[in-house]
Amino acid sequence: QPQVVESGGGLVQAGGSLRLSCSALHTNFRISAAGWYRQVPDNMRELVARMDSRGSILYGDSVKGRFAMSRDNTEPTTVYLQMDRLKPEDTATYYCNLQWEVGAAGSYWGRGTPVTVSS
């Protein structure tokens with residue numbers, strides 16, 4: 001079954017930028033939908049951005065205008081999250097969710113990549 005892998009997290013100063021990537025191993029079927037979520041300890045997982053099968057993207061209120069989700073036009077299982085004007089409150093572990101309607105159909109999560117924004 002697909003294995004979802006995130007990358008690109010790290011430490012950045014407030015006002016800076018990071019670009020997260022997410023891809024799947026063990027499959028080459030094009031994803032039907034995808035999402036980025038984040039979580040801090042003792043809090044619920046929060047929606048950052050999600051893309052539906054038509055390519056429409058919904059953003060969480062706290063990241064609108066600063067973050068942008070996109071998919072790779074050449075790699076069928078890859079999505080990105082461009083994060084600009086980062087704030088300390090963006091500090092969290094960021095998780096990627098990829099979904100397929102063919103092949104190993106279903107919803108799959110990565111293990112997360114940590115993002116720390118210093119003030």
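This section describes strand β4 and its surroundings in a predicted model, followed by the disulfide, the salt bridges and the nonpolar core.

Strand β4 spans residues 33-39 and is mostly covered, with 6 of its 7 residues buried. Two strands pair with β4 in the antiparallel sense: strand β9 (residues 92-100), through 7 bridges, and strand β5 (residues 46-51), through 5 bridges. On the side of β9, Trp-36 stands opposite Cys-96, while on the side of β5 the residue opposite Arg-38 is Glu-46. The hairpin formed by β4 and β5 has 6 residues between its strands, and within this hairpin Asp-42 adopts a positive phi near 70°.

Arg-38, which belongs to β4, has a relative accessible area of 5% and is therefore classed as buried, the limit for that class being under 20%. Outside its sequence neighbourhood of four places, Arg-38 touches a set of residues that includes Met-44, Arg-45, Glu-46 and Val-48, as well as Ser-62, Val-63 and Phe-67, and also Glu-89, Asp-90, Ala-92, Thr-93 and Tyr-94. With Tyr-94, the contact is polar and runs from side chain to side chain at 2.9 Å. With Glu-46, the side chain of Arg-38 meets its partner in a salt bridge, with an N to O distance of 2.8 Å. Glu-46 thus faces Arg-38 across the pairing of β4 with β5 and is also joined to Arg-38 through the side chains. The two partners fall into separate accessibility classes, since Arg-38 is buried at 5%, whereas Glu-46 is partly exposed at 33%.

Gln-39, also in β4, has a relative accessibility of 25% and so counts as partly exposed. Beyond four places in sequence, the contacts of Gln-39 are with Met-44, Arg-45, Ala-92, Thr-93 and Tyr-95. Of these, Arg-45 is joined to Gln-39 by a polar contact of 3.4 Å between the side chains. The side chain of Gln-39 additionally reaches the backbone oxygen of Asn-43, at 2.9 Å. Ala-105, by contrast, lies 66 residues from Gln-39 in sequence, with a C-alpha to C-alpha separation of 25 Å.

The structure holds 1 disulfide, formed by Cys-22 and Cys-96, whose sulfur atoms are 2.0 Å apart. This link connects distant parts of the chain, with Cys-22 in strand β3 (residues 18-25) and Cys-96 in strand β9, a separation of 74 residues. The torsion about the S-S bond is -85°, and the link is left-handed. Both cysteines, Cys-22 and Cys-96, are buried. Cys-96 is also the residue of β9 that stands opposite Trp-36, and the disulfide accordingly involves a residue of the strand pairing described above for β4 and β9.

Across the whole structure, 5 salt bridges are found. Side chains of opposite charge can pair when their charged atoms come close. The pair of Arg-38 and Glu-46 belongs to a network of salt bridges that also includes Arg-66 and Asp-90. Asp-90 is, in addition, among the residues in contact with Arg-38. Elsewhere, the side chains of Asp-52 and Arg-54 meet in a salt bridge with an N to O distance of 3.0 Å; Asp-52 is partly exposed at 24% relative accessible area, and Arg-54 is exposed at 72%. Asp-61 forms a further salt bridge with Lys-64, in which the closest N and O atoms are 3.1 Å apart. With a relative accessibility of 65%, Asp-61 counts as exposed.

In soluble globular proteins, nonpolar side chains tend to be buried together. In this model, the largest nonpolar core comprises 27 residues, of which Trp-36, Val-79, Leu-81, Met-83, Tyr-94 and Leu-98 touch the most other members. At least two residues of this core are supplied by each of β3, β4, β5, β7 (67-71), β8 (79-83), β9 and β11 (113-118), and β9 gives the most, with 5 residues. Tyr-94, one of the core members named above, is also the polar partner of the Arg-38 side chain. Met-83, another of these members, touches Gly-16, Ser-17, Leu-18, Leu-20, Arg-66, Phe-67, Tyr-94 and Val-115, residues up to four places away in sequence not being counted. The contacts of Met-83 thus include Arg-66, a member of the salt-bridge network that contains Arg-38.

Technical notes:
Residues numbered from 1 in each chain as written. Predicted model: local features only at pLDDT ≥ 70, side-chain atom pairs only at ≥ 80, totals over all residues. Heavy atoms only, no water. Helix = DSSP H or I, 4+ residues; strand = E, 2+ residues; numbered from the N terminus. Buried < 20%, exposed > 50% of the residue type's maximum accessible area, 1.4 Å probe, protein only. Polar contact = N/O pair within 3.5 Å; in protein donor to acceptor, adjacent residues only side chain to side chain. Contact = heavy atoms within 4.5 Å. Pairing = 2+ DSSP bridges. Disulfide = S-S within 2.5 Å. Salt bridge = Lys/Arg side-chain N within 4 Å of Asp/Glu carboxyl O. Core = buried A, V, L, I, M, F, W, Y, C linked by side-chain atoms within 4.5 Å.
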